[in-house]
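The following note is offered to a colleague who is opening this structure for the first time. Please read the points in order, with the display at hand.

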Amino acid sequence: MSVIYVLLPVALLLGTIALLAFIRAVRTGQFDDLDTPPWRMLTDDEGVESQPREEPTPPSQEAEL
Amino acid sequence: MERGELPKRQPRKSELCDHCALPVPAGLVRPRGRQFCCAACEQVYAIIGELGMDHYYDLRDRFPGQKQPAVHRGRDYAEFGDKTFEELYVREVADDHHRTELYLEGVHCAACIWLVERIPSFCDGVIGARLDLGRSRLVIDWDPRCISLPAIACRLDSLGYPPHPFRGAQGEAAAQRERRDLWIRVAISGAVAGNVMMISFALYGGLFHGIDPTVHRVLRSAALLVSIPALVWGGGWFIRSALRALCNRRLHIDLPVSIGIIAGYAHGTWNVLRGEGDLYLDSVTMLIFLLLAGRLLERGQQRRAAEAAELLHTLAPSRATRIDRSPDGQEFESEVPVEALLPGARLRIRAGETIPADGVVCTGRSELDRSLLTGESRLVPIGQGDRVEAGCTNVSAALEVIVEQVGEESRIGKLLAAMEESARRRAPVVRLADRIAGVFVGAVLLAAVATAVIAARIDPTTAIDRTLALLIVTCPCALALATPLAVSAALGRAARRGILVRGGDVFERLRTPGIVWFDKTGTLTDGQLRRADWIGDSELELAVLAIESESHHPLARAFLPTFVGSIPRATSVGGLEGGGITGTVGGNEIVIGSPRAVLAATDATPDHPLARSAEAHAREGSTPVLVARNGVLSGLAIFIDGLRDDSLDTVRAWQNRGWQVGILSGDDPAVAQAIGARLGLDPERCLGGVSPEGKLAQIENDLAAGSKTVMIGDGVNDAAALAAATVGIAIGGGAEAALRAADAFVLDRRLAGVAELLAGAARVIVTIRSNLAFSLLYNAVGASLAIGGVLSPIVAAVLMPLSSLTVVTISWRARTFPEPAARGPVSSGPSTLPAHLARADHMSQTGHLSQAQTGEVRTCP
């Protein structure tokens with residue numbers, strides 16, 4: 001059982017590191033905006049591709065939605 | 001059109017605006033080519049194409065959210081380059097690196113994030129752009145040697161996101177500190193609770209399988225040591241606020257929680273030190289964590305509500321036209337930011353502009369739309385020597401104004417200060433759950449000691465087991481979770497229904513009935529003048545339309561929507577002394593205007609039947625407009641500020657729950673009475689002609705008389721009353737300043753939301769009570785079984801999470817704000833629409849409001 005004397009401090013140390021990392025994240029403002037990042041993630045990689053615009057066909061030929 | 005059964009006639013694809021994907025009004029549909037719902041959308045579409053950012057439209061279609069037409073001001077934003085502006089808002093990171101925060105109108109979806117954050121790719125000199133969608137806030141970095149801030153602002157404007165300086169920076173910094181602080185405390189308490197729980201489980205295991213006494217002691221000491229940060233940072237939060245209240249000789253809701261925490265810690269520490277007895281620290285640290293997390297959840301919702309108040313600043317214009325005299329005596333005009341205005345400055349205010357500061361008219365005659373400040377829907381004529389106030393709109397002609405008070409000194413600033421003061425003074429509602437949770441901890445500890453002592457006398461072998469089972473099975477977690485969970489689930493649901501609520505206490509305050517005051521203009525009525533009646537022939541009507549279509553007067557705009565067909569051309573259109581307009585149509589000279597002005601301009605006497613009818617209508621509170629053809633009175637149009645469709649149902653809903661309903665209006669008493677009569681209200685409770693200060697006084701009187709008082713309004717003139725009331729409910733889409741004061745607000749100008757809020761509040765209270773009742777029952781039964789020795793500690797440990805789970809289930813399943821069976825045709829996206837997007841839409845409406853006020857660009861329908 002003496003392994004616990006090693007494991008307990010190690011576990012607590014790891015926990016503390018994670019906690020400190022979290023606190024640093026909060027202090028650097030990573031939790032200030034919880035709304036935008038989930039959206040930004042979806043469009044982050046989308047580059048700017050310029051393509052010529054196609055003129056739409058006259059409305060009479062458009063199918064009903 | 002995600003929900004098929006709704007609209008009778010679905011717009012064809014070709015009738016949807018190519019920019020915003022909203023339907024194009026029938027009159028604007030073109031035979032071929034691109035379709036746009038308004039000029040702004042068309043301009044923005046063209047610019048996005050020029051920049052090669054068409055990908056925006058792919059994203060828009062891929063992540064469907066709220067749709068809204070583009071906003072486009074077409075201003076030059078010169079004031080953004082002014083020295084005063086730079087000193088106030090621009091931060092110099094380095095010589096070649098400036099940074100500022102802007103508040104953007106019109107931001108509403110994922111594609112907007114993409115487009116705005118791509119600005120550096122097509123705008124040379126911009127280093128970086130980061131958008132906060134929820135708050136519509138943009139942090140932008142640029143190199144001042146390559147590009148100026150006004151140029152960036154113009155670019156943003158051309159993309160459909162008119163920028164405003166972000167003025168709330170100071171308050172925001174404090175709020176941000178507080179928010180981060182709470183996050184950190186929650187994190188520490190959570191980490192501690194988890195670790196202490198883990199150590200406790202080792203100790204529980206030892207109870208059944210035996211444990212080395214040294215290990216036992218080490219583990220207990222470790223648990224004590226680990227739990228200290230939770231006491232300091234987590235518990236400290238409650239203890240400090242309780243102490244602060246005690247210093248002011250008040251009992252705070254955090255007091256029982258603090259006592260519970262301290263008692264739990266003292267108990268646990270004492271037992272660790274003496275080496276025997278139970279460790280209660282796992283329960284206490286978990287309680288701290290859950291209570292704090294509950295507060296964080298509630299804060300998140302509150303913040304969402306509070307930030308909409310940033311819109312307040314977009315009400316007053318950000319710049320003014322100042323007239324200065326150069327050294328050689330020449331007068332010249334310059335555009336300056338309002339921050340640079342000093343008392344004594346002379347301003348030119350053109351027709352359609354909003355007045356930036358309080359002052360006195362020195363030259364010019366015009367009409368003033370003061371509805372923002374007073375709620376009065378009728379225009380007020382003003383001339384030399386009259387006072388004008390910031391936030392009012394100059395309607396008909398240019399004015400020169402000498403500035404007297406600016407910013408916080410102005411009437412609107414003082415009103416906002418009064419409002420904040422009222423909000424601050426209001427005592428917090430004592431939350432039942434918090435009080436119970438604190439007392440609960442103490443009670444359990446007492447019961448545990450009693451059990452240990454008594455059981456030790458009767459049957460020493462089971463004493464420890466019984467006490468332990470009692471401590472494990474009685475879990476304050478369910479109690480701590482009962483309110484925050486029910487409340488935050490309800491807040492989320494309400495937000496999805498377009499009802500933003502500042503905090504859970506609003507629900508508790510709405511529980512029992514009292515007095516409710518409705519504002520009239522913009523709340524019970526929709527604040528838009530509509531033509532209710534027309535007396536006269538149709539040829540004259542066409543002539544009137546022809547002349548009015550040349551005017552930007554609000555009444556003229558009220559004429560137009562009723563029209564179908566083609567309008568003849570009017571010539572020599574001009575103003576009429578005393579309020580009105582003249583013109584020639586088809587050879588007939590037409591005079592349109594207020595009865596007084598038209599009577600003065602023609603030979604007609606006040607005894608003329610049309611004039612008498614006009615006077616009668618004026619007495620009833622509607623707005624009559626007389627028309628004369630070639631000097632003969634021949635037409636009369638009646639305008640009313642129409643009752644909303646849902647007004648009657650809403651008023652009934654409140655009455656049915658036992659509330660006393662009244663009207664508190666800044667408008668004419670006759671109008672208030674007339675509206676009250678239509679709603680079937682007691683005439684004595686329909687007060688008109690009440691100033692903003694008067695509204696506040698009325699609310700304070702009611703409160704002093706001991707009744708619970710709810711105020712429902714939409715304007716700046718209601719703001720102080722909203723803040724002072726037990727619960728202030730603002731109707732969104734009107735003047736957003738009211739939102740800052742309100743405890744709850746309803747988006748989309750939907751009065752029915754107020755009735756939903758009331759019904760929802762009742763259901764939330766039921767949910768909270770069933771949560772509390774369940775967890776108390778669970779604890780009572782569990783405790784009795786444990787004391788009786790029926791429950792072994794291991795069974796207790798298995799049962800413990802069940803109580804929390806049940807509470808979670810009850811809270812999330814409660815249908816506090818049910819989705820309606822069907823939703824409106826166009827404005828509704830899929831029901832998964834996030835709350836912040838709904839809010840963004842709400843901002844767009846403000847954009848439209850101020851646009852309509854300044855008349856810079858024709859608005860979308």
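**Notes on a predicted model**

1. Strand β25 (residues 709–713) of chain B is joined to β26(B) by four bridges, and the two run parallel. Within this pairing, B:Val710 stands opposite B:Val727 of β26(B). The reader should bear in mind that the model is a predicted one.

2. On the other hand, β26(B) is also joined by three bridges to strand β27 (residues 744–746) of chain B, again in the parallel sense. Here B:Ala730 has B:Phe745 in β27(B) as its bridge partner.

3. Why may strand β26 (residues 727–731) of chain B be called largely enclosed by the rest of the structure? Five of its five residues are buried, so the surroundings cover most of this strand. B:Val727, B:Ile729 and B:Ile731 point one way from β26(B), while B:Gly728 and B:Ala730 point the other way. Such a pattern can be set beside a general rule: in a regular strand, side chains alternate between the two faces of the sheet.

4. These strands belong to an open sheet of seven, with the order β15-β27-β26-β25-β16-β23-β24 in chain B and mixed pairing. At its edges are β15 (499–501) and β24 (686–687) of chain B, each of which pairs on one side only. Strand β16 (residues 515–518) of chain B pairs with β25(B) over four bridges in the parallel sense, and the bridge partner of B:Phe518 in β25(B) is B:Ile712.

5. Two helices that pack on this sheet deserve attention. Helix α23 (residues 647–656) of chain B touches β16, β23 (660–664), β25 and β26 of chain B, and its direction makes about 170° with that of β16(B). Helix α28 (residues 752–787) of chain B touches β15, β25, β26 and β27 of chain B, and its direction makes about 50° with that of β15(B).

6. The largest nonpolar core holds 104 residues, of which B:Phe507, B:Leu510, B:Trp654 and B:Ile729 touch the most other members. Its largest share, twelve residues, is supplied by helix α7 (residues 169–209) of chain B. Domain 2 (175–301) and domain 4 (501–514 + 645–749) of chain B both contribute residues, so this core lies between them.

7. Which residues does B:Phe507 contact, leaving aside its neighbours within four places in sequence? They include B:Val487, B:Leu491, B:Val501, B:Leu757, B:Val764 and B:Phe817. Apart from this core lies another, of 54 residues, among them B:Ala70, B:Phe80, B:Val107 and B:Phe122.

8. B:Leu51 is located in the loop between α1 (39–50) and α2 (55–62) of chain B. Residues up to four places away in sequence not being counted, B:Leu51 touches B:Phe122, B:Arg155 and B:Leu159. B:Leu51 and B:Cys123 are 72 residues apart in sequence, with 9.5 Å between their C-alpha atoms.

9. Chain B also has an open sheet of three strands, in the order β11-β10-β13, with antiparallel pairing. β11 (380–382) and β13 (393–394) of chain B each have a single partner strand, so one side of each is without a neighbour in the sheet. Strand β10 (residues 366–369) of chain B is joined to β11(B) by three bridges, and B:Leu368 has B:Val380 in β11(B) as its bridge partner.

10. Chain A has two helices and zero strands. Of its 65 residues, 23% are buried. The accessible surface of chain A is about 4700 Å², and 63% of this belongs to carbon and sulfur atoms.

Technical notes:
Residues numbered from 1 in each chain as written. Chains lettered and ligands numbered in written order. Predicted model: local features only at pLDDT ≥ 70, side-chain atom pairs only at ≥ 80, totals over all residues. Heavy atoms only, no water. Buried < 20%, exposed > 50% of the residue type's maximum accessible area, 1.4 Å probe, protein only. Areas by Shrake-Rupley, 256 points an atom, 1.4 Å probe, with all protein chains shown as cover. Core = buried A, V, L, I, M, F, W, Y, C linked by side-chain atoms within 4.5 Å. Domains from an automatic or database assignment. Contact = heavy atoms within 4.5 Å. Pairing = 2+ DSSP bridges. Axes fitted to C-alpha atoms, helices over the stretch in contact; angles between N-to-C directions.
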